[in-house]
Each structure stands twice: as structure tokens, then as C-alpha cells.
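Please look over the sequence and the model below before reading on. The briefing that follows takes the chain as a whole and then turns to the ligand and its surroundings.

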Amino acid sequence: MNPLPPNVASLRPYQSARSLRKGNGWIFMDANESPLEVAAPIAPPLNRYPDPTADALRDAVAEYYGVRRGNLMMANGSDELIDLLVRCFVRSGRKTAASTPSYGMYRIAADSAGADFVAARLRADFSVDENSLRAVLDNADLLFICSPNNPTGTVVPRELIERLSAAFSGLIVVDEAYGEFADAEGVPSSIELVRRGAENVVVLRTFSKAFAAAGIRLGYCVANERIINILLRMKPPYNVNVLTQAAGLALWRRRDAMERNVRDLIAARKVLAGGCERLGCSVFPGRANFFLLRPPKGISAQTLHESLVENYRIVVRRFPNVPEMEDLLRVSVGTPEHNELFLSSLARLLP
Ligand code: PMP
């Protein structure tokens, strides 16, 4: 067989939380999923192919945001959109840019497409340094901005995104996977920039976090119609299956349940983060359904991670390959019982 293309031969797979650990009996606080289940009873006919562009769902979402159906595309998780965006908008020999630390799939999408990837370091407090971000935009066709940022929880101010949108000739993809949590705390969304007519801003959202539906694989993007049309050309014909379209619509119609859950999870995050601080940890609180935790002196993130797994079957996320994150753990807010168990376990494990 012929050799693989070099970018495929050197591809390192994304280590998703669920590829690192799966099975029953674990308390998963590692994947920023919602611990709450929302009922969405559905029974769509399965014999026909789905609507290729999921128009019922697009119409429902468009109406809520005050945009048009043509400003939206539905996808098999926002991960599909990340991949499609790079393949559609990054030309050969040009770069994909992002900040670091941020969501690992940006680099993998660039690697898969054979595009160079450049990342600007966040400051020590994990805020964006505008100058270092601008410095990586030379020869870039696409910039990923994640807000609230995974794994730091920090928000990128919309004014900064607006300034970059005016100065950058490429595409700015604002990944608002955790946007509903930021909405609830009054943080302005970049969807407003699309509404105002920005031609190079794409906003990603997902049903995987606030809507408590990571299992159905449904994400969407909001953008100028020209961009949506290009993405629709590139996507696989039936990328969102009938079960997912039906479940997505049922969940969208129950936004009130989602918003209640979001408020509860934010309140729980504050209690959980406060509890960790009282036990001597430092906490980066962020604006999402997770937070970063630095263990007190005398115990490493690695040891704490292992002890939580071995003694209490609690799984949180560690980032051993990211230098800035070596002594940090990312904790996703769990159910009230799991949060209590997390704190009592921490109290026993910390020096
Ligand atoms: N963007 C960010 C920032 C994420 O954290 C995730 C999930 N971990 C995704 C996108 C992918 O989400 P989805 O489940 O919609 O593919």
C-alpha cells in the first residue's frame, strides 16, 4: 500500500474524556457534560432519510435569535463544524490560529486538513493578550476563539472580538459551546455580531452542555448566509439523523428547563469552588459548568487525580501534555450528591 499523506501519518488522536475512561460505576466530572437529564420523549419515523438541512430545527433556533434560517447550520455536534470550517476556509499553505490553552480539536482539525496551526499564549490569568493574538494572524485564514474558554472558563470580551473582526481578513470562529452559562451571567454573546451583519464571524453552539444532550450529537452555527451556504456545500448529505433532529426540537421547545438547570449548575459551581478554596485549593472560577483547581502545596494534580479515581471512583480531567495546565485539574459540576462527595473526598485526600 502507498504511504499515507504526511499529515495523516503524523496525526495524534484527540483524547476525549470518554476515550480515556469509560464504563459504569464512575462519577464522571471530567467531560463538562450536564449531570442532569432532561426528558425529550420522541418517536419519529425511521424509514426515511432525515431533512438534509434540519429546517424545522433551524427555524426554531432562528426565531429565538432573531436571525434567518439561512443564518444557521445544524451539525453532528459542533465538532463537525470545527472540522468543516477548517476544510472550507483555510487555503493550502495558510494557517489556522487559536489561543492556548484551549479546546484541543482546533489543532486536530487543522492537522487533519493538512493546515499549519499557530497558537497565541493566554496570559497567566488565562485572559487573552490582544497583541499576541494579532501577532499570530499573519498568513492565517481562520481564528478560533473559545468563550467561555475550555479548559479555563474565561470569557473573551465581545469588544475584542469585534475589533479583531474589523482588522482580520480571515474568518473568526467564536466557539460558544458554554454560551448558555455565560448568557445566564449576563455576558454578551457574539451572535449579536452576526445579527448586526458581521461577514467574517461564525458562532458555534451545542446541545451537549447546557441542554444536557451530549449523547445526541447536535451542534449548530450562526453566521452570514454566504458562509452557511459554503458549509452546506461541504457537509455530508444527512449529517444530522432523524432521532437527533426530533430530540433537538423537543429540547429547544423546553428552553425553560435548560435555563433552570443552567442557574442550578452555576449556583452549584460557586458552592463547589468555594468549598475547594476553603480546603486550601486555588480556583479559577470561569463562566461555564466547570472550573480549574490548583491543589495546595504538598500534593500534585497528578496524585490528587489518581487518588480521586482509585479511592472514590471520581473522575476529573487532567491535562498532562499542556505545560500551563500541568498542576491543574478541571472539574465539571456534578449532581448535588456528587459535588458533596467530591468535597468530602477532597477533604480526606488533601494534606
Ligand atoms: N467546543 C468546545 C469548547 C468544547 O468543549 C466541546 C466539547 N468538549 C466542543 C466544542 C464539542 O462539542 P460537541 O459535543 O457539540 O461536538
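**Briefing on the predicted model**

The secondary structure of the chain is made up of 14 helices and 13 strands, and the model that shows them is a predicted one. Alongside the chain there is a ligand, and the space that this ligand takes is the second largest pocket.

**Overall dimensions**

- The chain has 351 residues, and because a compact globule with that number of residues would have a radius of gyration near 20 Å, the chain's own value of 20 Å agrees with this expectation.
- Taken along the principal axes, the box filled by the C-alpha atoms of the chain comes to roughly 55 × 50 × 50 Å.

**The shell around the ligand**

- There are 13 residues around the ligand, and those that come nearest are S78, D175, Y178, T206 and S208.
- Sorted by class, the shell around the ligand holds 4 nonpolar, 5 polar and 4 charged residues.

**Polar contacts and burial**

- In the side chain of S208, which is also among the residues that come nearest to the ligand, an N or O atom lies 2.6 Å from an oxygen atom of the ligand.
- The backbone of D79 takes part as well, with one of its N or O atoms placed 3.0 Å from an oxygen atom of the ligand.
- For K209 the partner is a nitrogen atom of the ligand, which lies 3.2 Å from a polar side-chain atom of this residue.
- The ligand taken alone exposes 400 Å², and the protein buries 93% of that area.

Methods. Residues numbered from 1 in each chain as written. Predicted model: local features only at pLDDT ≥ 70, side-chain atom pairs only at ≥ 80, totals over all residues. Heavy atoms only, no water. Near = heavy atom within 4 Å. Polar contact = N/O pair within 3.5 Å; in protein donor to acceptor, adjacent residues only side chain to side chain. Areas by Shrake-Rupley, 256 points an atom, 1.4 Å probe, with all protein chains shown as cover. 1 Å grid on protein atoms, 1.4 Å probe; cavity = no way out; pocket = protein on both sides within 12 Å on 5 of 7 lines; lining within 4 Å. Sits in = over half its atoms within 2 Å of the grid points. Nonpolar A, V, L, I, M, F, W, Y, C, P; charged D, E, K, R; others polar. Helix = DSSP H or I, 4+ residues; strand = E, 2+ residues; numbered from the N terminus. Rg over C-alpha atoms; globule rule 2.2 N^0.38 Å.
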